[in-house]
Amino acid sequence: MAMQIAVFGTGYLGATHAACMAELGHDVIGVDVDAGKVEKLASGDVPFYEPGLDEVLRRNIKSGRLRFSTSYEEAAGCADVHFLGVGTPQKKGEFAADVSYVNRVIEDLAPLIDRPAVIFGKSTVPVGTAERLGTRVRELSPAGDAVELAWNPEFLREGYAVQDTLRPDRLVLGVDPSRNGRAETVARAVYGDLLDSGIPLIVTDLATAELVKVSANAFLATKISFINAMAEVCEAAGADVSVLADAIGHDARIGRKFLNAGIGFGGGCLPKDIRAFMARAGELGADQALTFLREVDAINMRRRTSMVEVAKSACGGSLLGARVAVLGCAFKPDSDDVRDSPALNIAGQIQLQGAAVSVFDPKAMENSRRLFPTLYYAASAKDACNGADVVLVLTEWQEFREMIPSDIESVVRQRHIVDGRNCLESDRWRDAGWSYQGVGRR
Ligand code: UGA
């Protein structure tokens, strides 16, 4: 049965969720305070790069099931299921999450809801937020107790957002057990098709649902930092971390995924989520439980400085006056997101040490230029490599993986390639007379 749904916030999470809910057959209104974003989405343009999302968006706008607006009144008037998908960035100068956007949606929306409704929070929030917001909603809404607040965290990965929304590994729903309301019934109706296809739904309390999300991201970050710590040991011992990862990854208890050593994790989620998690645990008096995440963060940040050192030694011990080509600025391939991108951060650090840095990324040029306007933005990978003393591959785009030495060797000054993601075939480069250096490899 088609349900009337509003989605607040139209960033990666909200825009994808709105389009995918319409794809499931619901009538959806996506709401954002940013009129420019709303206008773009309404005309079928996705304001960021996400493979496959534009087709889902356009198809559903055309069918009339999906529209966008800046009006909370319009959304509250037509929808009785509300999803909250605004951002929770890191606070300036603190580890904690800034929940002001989430609070704002509730303060603006709740007074407009005058009939029974369910609000599902999807944003990543500090544990305890949902309970607080539930109380606030009941205070502010003319419908009072008839408005329920539940938590339905989102696990989508950028680059796979549509697939992760329509075919997630699991759905998690946190409800207030003291209220015994309709939230679970409504969620089962919204996600009916997914549940029919066998996707598990875990129903729990609000605090557990909030913690499932942050602990999942903390685990993923820990897994990446674990393998990067092994890379450091492999480098010291003359061993090979890629073979090590393959070998331990065969153990089903460990698994091979998220064991790729390299320049570490970045993006708008993992780094800020582990910090916010530590901050919240501290507030709850459980800080000792998460002190290991400090080490996870430290190992991760060390990858960036260590890559700068590798570039420096490839340039003969000093970056001053050197020419460095950086291939990849996005925090990962198939994304134009450069938030806390290790690649862009390394490019910036190298430039600050006196090198001329030329960068190229298939999709993230515009966002990178906005953040680091002083780097040289090349027209192609080959253009970036022009006159380079060293070529650094820092985001594992397919285009760079497939590159062959003859593509760039006529333009570089020296045949040095550094593989910051262990994504290249080392023999291909060595056989062509290049010096190849990966991470945690001989
Ligand atoms: C992450 C989680 O994977 C999602 O489940 C979660 O929903 C999302 O955060 C979120 O909280 O919204 P995402 O930020 O899109 O998703 O990126 P990931 O695919 O997790 O990659 C994060 C970083 O780790 C990237 O910089 C990537 O290059 C790096 N990484 C990943 C490694 O260095 N090694 C690996 O083996 C895997």
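Helices (H or I, at least four residues) and strands (E, at least two) are DSSP runs, numbered from the N terminus. All of the views below show a predicted model, in which local features need pLDDT of at least 70 and side-chain atom pairs count only at pLDDT 80 or more, while totals for chains, interfaces and linings use all residues. Residues are numbered from 1 along each chain as its sequence is written, and side-chain values use heavy atoms, with hydrogens and water left out.

**View 1. The shell around the ligand.** Here you can see the 21 residues that surround the ligand, each with a heavy atom within 4 Å of it. Leu156, Glu158, Lys213, Asn217 and Phe331 are the closest. By residue type, the shell splits into 10 nonpolar, 4 polar and 7 charged; in this count Ala, Val, Leu, Ile, Met, Phe, Trp, Tyr, Cys and Pro are nonpolar, Asp, Glu, Lys and Arg are charged, and the others, Gly among them, are polar. At least two shell residues come from each of helix H10 (206-237) and helix H12 (270-283). With 4 residues, H10 gives the most to the shell.

**View 2. Polar contacts to the ligand.** Look here for pairs of N or O atoms within 3.5 Å (within protein, one must be able to donate a hydrogen and the other to accept it, and residues adjacent in sequence count only if both atoms are side-chain atoms). The side chain of Asn217 places an N or O atom 2.8 Å from an oxygen atom of the ligand. Two backbones take part as well: a polar backbone atom of Gly266 is 3.1 Å from a ligand oxygen, and a backbone N or O atom of Leu259 lies 3.4 Å from a ligand oxygen. On its own the ligand has 720 Å² of accessible area, and the protein covers 90% of that (Shrake-Rupley method, 1.4 Å probe; for residues, only the protein chains shown count as cover).

**View 3. Two domains and the ligand.** An automatic or database assignment sets the domain bounds, giving domain 1 (4-199) and domain 2 (230-437). Their C-alpha centres lie 34 Å apart. Where the two meet, 17 residues of domain 1 are in contact with 19 residues of domain 2, counting heavy atoms within 4.5 Å. Each domain also provides at least three residues of the shell around the ligand.

**View 4. An open sheet with parallel pairing.** Follow the 6 strands in the order E11-E10-E9-E12-E13-E14; two strands pair if DSSP finds at least two bridges between them. At the edges, strand E11 (376-377) and strand E14 (435-437) each pair on one side only. Strand E9 (residues 323-327) runs parallel to strand E12 (residues 390-393), joined by 4 bridges. Ala325 has Val391 in E12 as its bridge partner.
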